[in-house]
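These are my notebook entries on backbone geometry, strand pairing and surface character. I set down each item as I looked it up.

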Amino acid sequence: ESPPAPSVIISPDPAISGEQLTATITDDSVDPEGDPIVYGYQWFVDGVEYPGGTTPVIASGSTRRDDFWEVRVTASDPRSASDPGIASITIGNSLPRVDGVSIVPASPVTLDDLTAIPTGWFDQDLDPESYLYQWQVDGVVDTDEATDTFPWEKTARGQQLRVTITPVDAFGSGEPVSSTI
């Protein structure tokens, strides 16, 4: 007699692109004859068997937004195998991030436009680089300026400027990062 199918879940749930996936057996199979049980894992992504997907874990960096992942877990005794226990998940969006932003030129004069230069864009989903910009003059947000450039006509000697950028994709916003003053 074959062992019963195990119950299995995938975590985390929900999962975002780039996260490690782990199949966890929530209800073990118990062999009717008391034989030892060995579990076999088979992973699929979008209906296609995932190469090397024979362990409970899919490594971080392997998943992308909108991927449909499924794991099938069978319980085997020395003579036969169970029907598979099946779990599935659709991967969600990973928000973009950015390491920093600086303002150039570094030592501006009043006739210089100021430009925000982001560094370290990363989006696990390979979405295009995009930012929201917020400029502060002497600690006050200038709501009229929302691009990477602050015009020289709005500057005066001795002012302190800072730019805050927020990395964005079509699904949401990452963590904002500010320049030095």
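I first located Pro14, which sits in the loop between strand E1 (7–11) and strand E2 (21–27). In this predicted model, the peptide bond joining Asp13 and Pro14 is cis, with omega about 10°. I then noted a cis peptide bond between Val104 and Pro105, where omega is about 0°. Pro105 belongs to the loop between E8 and E9. I recorded these bonds because most peptide bonds are trans.

Next I looked up positive phi values. Asp46 is not a glycine, yet its phi is positive, at about 50°. I placed Asp46 in the loop between E3 and strand E4 (48–49). Asp46 has a relative accessible area of 48%, so I entered it as partly exposed, the exposed class being over 50%. Leu126, also a residue other than glycine, has a positive phi near 65°. I found Leu126 in the loop between E9 and strand E10 (131–137). Its relative accessible area is 66%, and I therefore entered Leu126 as exposed.

I turned to strand pairing. Strand E3 (residues 38–45) pairs with strand E6 (residues 68–76) in the antiparallel sense, over eight bridges. Within this pairing I noted Trp43 opposite Val71 in E6. E6 also runs antiparallel to strand E7 (residues 85–90), with six bridges joining them. Here I noted Val73 opposite Gly85 in E7.

Which residues form a nonpolar patch on the surface? I found Val109, Leu111 and Trp152, with about 310 Å² of accessible area together. Val109 lies in the loop between strand E8 (100–104) and strand E9 (114–119). I entered Val109 as exposed because its relative accessible area is 53%.

Methods: Residues are numbered from 1 along each chain as its sequence is written. This is a predicted model: local features need pLDDT of at least 70, side-chain atom pairs count only at pLDDT 80 or more; totals for chains, interfaces and linings use all residues. Side-chain values use heavy atoms; hydrogens and water are left out. Patches are made of residues with over 30% relative accessible area and no salt bridge: like charges are joined within 9 Å, nonpolar side chains (Val, Leu, Ile, Met, Phe, Trp, Tyr) within 5 Å. Accessible areas come from the Shrake-Rupley method with a 1.4 Å probe; for residues, only the protein chains shown count as cover. A salt bridge is a side-chain nitrogen of Lys or Arg within 4 Å of a carboxyl oxygen of Asp or Glu. Helices (H or I, at least four residues) and strands (E, at least two) are DSSP runs, numbered from the N terminus. Buried means under 20% relative accessible area, exposed over 50%, partly exposed in between (1.4 Å probe, protein chains only). Two strands pair if DSSP finds at least two bridges between them.
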